[in-house]
Amino acid sequence: DVSTVGWYRFGPAPGADTGSSVLSGHVDDREQGRGAFYRLSDLEPGDPVEVDLADGSVAAYRVTDVERIAKEELP
């Protein structure tokens, strides 16, 4: 399901006071269309980002940096 985002459970949970939470999800899919991260490339420093948590609460963040790395250049 391209609208579902996963969390790396061995790191800090979204909304934790310290550390970096790692989330993964789809940008899009040939069959399902736009995914949860479809507009990720539109984000700029200062933009708000909200993460809906499983308990119904929302973790609010603000973009501080944007770095784009071509897929071919990833280690």
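The following exchange concerns a predicted model and the reasons for the terms applied to it.

Me: What makes the pattern of the protein chain β-β-β-β-β-β?
Reply: The protein chain has zero helices and six strands. Read along the sequence, these elements therefore give β-β-β-β-β-β, a strand being a DSSP run of E with at least two residues. The C-alpha trace spans about 35 × 25 × 25 Å along its principal axes.

Me: How do you know which residues of the protein chain count as buried, and what percentage do they make up?
Reply: A residue is buried when its relative accessible area is under 20%. Of the 75 residues in the protein chain, 8% count as buried.

Me: Why is the contact between D42 and R39 called a salt bridge?
Reply: The closest N and O atoms of D42 and R39 are 3.5 Å apart. The cut-off for a side-chain nitrogen of Arg and a carboxyl oxygen of Asp is 4 Å, so the pair qualifies as a salt bridge. In general, side chains of opposite charge can pair when their charged atoms come close. The structure holds one salt bridge.

Me: Why is R39 called exposed, and why is D42 called partly exposed?
Reply: R39 has a relative accessibility of 60%; exposed means over 50%, so R39 counts as exposed. D42 stands at 45%, between the limits of 20% and 50%, and therefore counts as partly exposed.

Me: How do you know whether D17 and F10 are buried or exposed?
Reply: D17 has 81% relative accessibility and F10 has 61%; both values are over 50%, so each residue counts as exposed. D17 is placed in the loop between strand 1 and strand 2, and F10 is also in the loop between strand 1 and strand 2. The C-alpha atoms of F10 and S21 are separated by 9.4 Å, with their positions 11 residues apart in sequence numbering. For D17 and D65, 48 residues apart along the chain, the C-alpha separation is 19 Å.

Me: What makes G25 partly exposed?
Reply: The relative accessible area of G25 is 34%, which lies between 20% and 50%, so G25 is partly exposed. G25 is found in the loop between strand 2 (23-24) and strand 3 (28-29). Its C-alpha atom is 6.4 Å from that of A36, the two residues being 11 apart in sequence.

Me: Which residues form the nonpolar patch on the surface, and what makes V5 eligible for it?
Reply: The patch is formed by V5, W7, Y8, F10, V22 and L23, which together have about 590 Å² of accessible area. V5 has a relative accessible area of 35%; patch members need over 30%, so V5 meets that condition. V5 is found in the segment before strand 1, and V5 is partly exposed.

Me: What lines the largest pocket, and which residues lie nearest its centre?
Reply: The largest pocket is lined by 34 residues, with L23, F37, L40, L43 and V49 nearest its centre. Strand 1 (6-7), strand 5 (48-52) and strand 6 (58-62) are the elements that give two or more residues to this lining. Strand 5 provides the largest share, five residues. The volume of the largest pocket is about 1200 Å³.

Me: How many residues of each class are in the lining of the largest pocket?
Reply: The lining has 20 nonpolar, seven polar and seven charged residues. Leu, Phe and Val count as nonpolar, so L23, F37, L40, L43 and V49 belong to the nonpolar class.

Definitions and conventions:
Residues numbered from 1 in each chain as written. Predicted model: local features only at pLDDT ≥ 70, side-chain atom pairs only at ≥ 80, totals over all residues. Heavy atoms only, no water. 1 Å grid on protein atoms, 1.4 Å probe; cavity = no way out; pocket = protein on both sides within 12 Å on 5 of 7 lines; lining within 4 Å. Points joined across faces, edges and corners; volume = space filled by probe spheres on them. Helix = DSSP H or I, 4+ residues; strand = E, 2+ residues; numbered from the N terminus. Buried < 20%, exposed > 50% of the residue type's maximum accessible area, 1.4 Å probe, protein only. Patch = residues over 30% accessible without salt bridge, like charges linked within 9 Å, V, L, I, M, F, W, Y side chains within 5 Å. Areas by Shrake-Rupley, 256 points an atom, 1.4 Å probe, with all protein chains shown as cover.
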